[in-house]
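Here is a short briefing on a protein model with a bound ligand. Keep the structure open while you read.

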Amino acid sequence: MRASGNRLTREQARDLLARLDSAIAGSRGKASREAVARFLNTMVPSYTWVGIYAIDGADLVLDAWSGPSATEHTRIPIGKGVCGFAAKAGKTEIVSDVSKDPRYLQCFLSTKSEIVVPITKQGAVVGEIDIDGDQLDAFSSLDREFLEAVARKASSLWA
Ligand code: SME
């Protein structure tokens, strides 16, 4: 599969991780999670839409997002969709072509690929970062590494 041209590079990933702390400094709770979503969406061209879901009982609830438009999937049962699957498994999911994944719940017609990274606190999944890309195969193992590091930082933004 051909890699998309605007993928994250290792150098950018290192730089962004160093800048994330100052992007969220001064905000707390939901506002800080909104700052993380905005930071990722605006700083990485391949991250077309960025959402942060929080666990609420047996569901994931959309807590913060940044992107061109709102999604209808503001509540997703754990176990459903790519998001619910990742939350249940507690593991990052990369879907390089959403049209080939039967789990996929469509939000935007333009989405071609997706990555979902759980956020854990003391071993339990408390939420996740969900990113849609409008190119096929937009996410690599570098995005996984980068976003898992972001998720570790984001876990401190949970009460
Ligand atoms: N595609 C996700 C649903 C959330 S939207 O991408 C914002 C899924 O399959 O779970």
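The points below cover the ligand site first and then three single residues.

This is a predicted model. The ligand occupies the largest cavity. Its surroundings comprise 13 residues.

**Ligand shell**

- Among the 13 residues around the ligand, the nearest are V82, C83, L105, C107 and E114.
- Three elements each supply at least two shell residues: strand 1 (49–56), helix 3 (81–89) and strand 6 (124–133).
- Helix 3 contributes the most, with three residues of the shell.
- Eight shell residues are nonpolar, two are polar and three are charged.

**Polar contacts to the ligand**

- L105 uses its backbone: a polar backbone atom sits 2.8 Å from a nitrogen atom of the ligand.
- E114 uses its side chain: a polar atom there lies 3.0 Å from a nitrogen atom of the ligand.
- D130 also takes part through its side chain, where an N or O atom is 3.4 Å from an oxygen atom of the ligand.
- How much of the ligand does the protein bury? The ligand taken alone exposes 300 Å², and the protein buries 100% of that.

**D59 and its partner**

- D59 belongs to strand 2 (residues 59–66).
- Is D59 buried or exposed? D59 has a relative accessible area of 18%, under the 20% cut-off, so D59 counts as buried.
- The side chain of D59 makes a polar contact of 2.8 Å with the side chain of R75.

**Positive phi in two loops**

- Most residues other than glycine have a negative phi.
- Q122 is not a glycine, yet its phi is positive, near 45°.
- Where is Q122 found? Q122 is in the loop between strand 5 (113–121) and strand 6.
- Q122 has a relative accessible area of 83%; this is over 50%, so Q122 is exposed.
- D137 is not a glycine either, and its phi is positive at about 55°.
- D137 lies in the loop between strand 6 and helix 4 (141–154).
- D137 is buried because its relative accessible area, 13%, is under 20%.

**Points to check in the viewer**

- Start at L105 and E114, which each place a polar atom by a ligand nitrogen, at 2.8 Å and 3.0 Å.
- Then find the D59–R75 side-chain contact.
- Finish with the two loop residues: Q122 is exposed, whereas D137 is buried.

Definitions and conventions
Residues are numbered from 1 along each chain as its sequence is written. This is a predicted model: local features need pLDDT of at least 70, side-chain atom pairs count only at pLDDT 80 or more; totals for chains, interfaces and linings use all residues. Side-chain values use heavy atoms; hydrogens and water are left out. A residue is near a molecule or strand if one of its heavy atoms lies within 4 Å of it. A polar contact is a pair of N or O atoms within 3.5 Å; within protein, one must be able to donate a hydrogen and the other to accept it, and residues adjacent in sequence count only if both atoms are side-chain atoms. Accessible areas come from the Shrake-Rupley method with a 1.4 Å probe; for residues, only the protein chains shown count as cover. On a 1 Å grid over the protein atoms alone, a cavity is a set of points where a 1.4 Å probe fits but cannot get out, and a pocket is an open set with protein on both sides within 12 Å along at least five of seven lines; lining residues have an atom within 4 Å of a point. A molecule sits in a cavity or pocket if more than half of its atoms lie within 2 Å of its grid points. Helices (H or I, at least four residues) and strands (E, at least two) are DSSP runs, numbered from the N terminus. Ala, Val, Leu, Ile, Met, Phe, Trp, Tyr, Cys and Pro count as nonpolar, Asp, Glu, Lys and Arg as charged, and the others, Gly among them, as polar. Buried means under 20% relative accessible area, exposed over 50%, partly exposed in between (1.4 Å probe, protein chains only).
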